[in-house]
Each structure stands twice: as C-alpha cells, then as structure tokens.
Amino acid sequence: MSNLVENKVLIGIVEHMSDSLELLQHVLDMDDELLPAFELFGMNTTATRRNNNGTSTTASKRTITANKSKKFSTRQVVTELKRDVEFMTIFEEYVKYESLIYEFARVELHERQVQ
C-alpha cells in the first residue's frame, strides 16, 4: 500500500463517482474547458471553483439520480450471497487483500484528496 502513497496515485472510487470525477477534472482540466463532459458523466459541480489565474467562477449544481430500472440492487445480491456461508467464507478469503487495499485507498487517500 505504500506504493500508492509514494507514487502519488490519484484514487477514484466508484461509490463516490462525483468526487472522483472532480479530482480528475481538477488535475486534467484546470481551465474548465471540458467541464460539460465531466458533468455529463456525473460530476456535481461545486458552487465556486478556482481557476489557474486565481479568479473564481460559478458553476451549475447538478443532481444525479440513480438508475431505477435494474431488477436487483447490489445490496440485494450481496444479501442473497451471504446466505451461502460456505461460499462467503471462500469469497472473503479470495478478496481479503483487495478489500484491505480498497479500504486504505478509500479512507486514507481518496477522502483526503477530495478535501
């Protein structure tokens, strides 16, 4: 996990897509030339943004709505999978290192980068 810190990796988290897009937009598009594209893909723009020249611009606030057309939510699928204790034991062993890295990246890096 130290390589994530040492290499100054920019962390994007799907569950926090708007924040992740805002981080990417800040790094890649400081002049807001591509702001509409970032908004199109789900970035909620903040009320006031700082440009490279230090001036402030006001951007629109966009609300993202979840897609309600899917038959099962992720929570429902996970709940159903957890009913099979044998499967979950194997599954949790299989993803334990991914989970550690994800939690570190989410809490220690992504949330700090967003702030």
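This report describes the fold, the core, helix α6 and a few individual residues of a predicted model.

## Overall make-up

The chain has 115 residues, and buried residues make up 21% of them. Its secondary structure comes to six helices and two strands. Read from the N terminus, the order of the elements is α-α-α-β-β-α-α-α.

Contacts in the chain can also be sorted by how far apart the partners are in sequence. Of those between residues at least 6 apart, 37% join residues at least 24 apart.

## The nonpolar core

The largest nonpolar core consists of five residues. Its members are L4, I11, I13, A105 and L109. Two of these names, A105 and L109, return among the buried residues of α6, together with H110. Elements that cover the buried residues of α6 include α1 (2–6) and α2 (17–28).

A105 gives a view of the contacts in this region. With neighbours within four places in sequence left aside, A105 is in contact with L4, I11 and H110. L4 and I11 are themselves members of the core, while H110 is one of the buried residues of α6.

S20 belongs to helix α2. S20 counts as buried because its relative accessibility is 5%, and the cut-off for buried is under 20%. Not counting residues up to four places away in sequence, S20 touches I11, G12, I13 and H110. Of these partners, I11 and I13 are core residues, and H110 is a buried residue of α6. H110 is thus a contact of A105 and also a contact of S20.

## Helix α6: length and kink

Helix α6 covers residues 96–114, which is 19 residues. At 1.5 Å a residue the helix should span 27 Å, and its end C-alpha atoms are 26 Å apart, so the two values agree.

The helix also has a kink of about 35°, centred on R106. R106 takes part in salt bridges as well, with E103 and with E111.

## Salt bridges along α6

The count of salt bridges comes to five. Side chains of opposite charge can pair when their charged atoms come close. One of the salt bridges joins the side chains of R106 and E103, at 2.6 Å from N to O. These two residues are three apart in helix α6, so about one helical turn separates them. An α-helix has 3.6 residues a turn, so residues three or four places apart point the same way. E103 has a relative accessible area of 36% and is therefore partly exposed. R106 also forms a salt bridge with E111, where the closest N and O atoms are 3.3 Å apart. E111 is partly exposed, because its relative accessible area is 34%.

Another salt bridge links E108 and R112, with the closest N and O atoms 3.0 Å apart. E108 and R112 are four residues apart in helix α6, so they too are separated by about one helical turn. At 30% relative accessibility E108 counts as partly exposed, whereas R112, with a relative accessible area of 57%, is exposed. Salt bridges that share partners join E103, R106 and E111 into one network.

## Two loop residues with positive phi

K8 lies in the loop between α1 and α2. K8 has a positive phi of about 50° although it is not a glycine. Its relative accessible area is 72%, so K8 is exposed.

D32 is found in the loop between α2 and α3 (35–40). D32 is likewise not a glycine, yet has a positive phi of about 60°. Is D32 buried or exposed? At 17% relative accessibility, D32 counts as buried, because the cut-off is under 20%. The side chain of D32 makes a polar contact of 2.7 Å with the side chain of Q25. Q25 falls within the residue range of α2 (17–28).

Methods:
Residues numbered from 1 in each chain as written. Predicted model: local features only at pLDDT ≥ 70, side-chain atom pairs only at ≥ 80, totals over all residues. Heavy atoms only, no water. Core = buried A, V, L, I, M, F, W, Y, C linked by side-chain atoms within 4.5 Å. Buried < 20%, exposed > 50% of the residue type's maximum accessible area, 1.4 Å probe, protein only. Contact = heavy atoms within 4.5 Å. Expected span 1.5 Å × (residues − 1). Bend = angle between axes of the 7 residues up to and from the residue. Polar contact = N/O pair within 3.5 Å; in protein donor to acceptor, adjacent residues only side chain to side chain. Salt bridge = Lys/Arg side-chain N within 4 Å of Asp/Glu carboxyl O.
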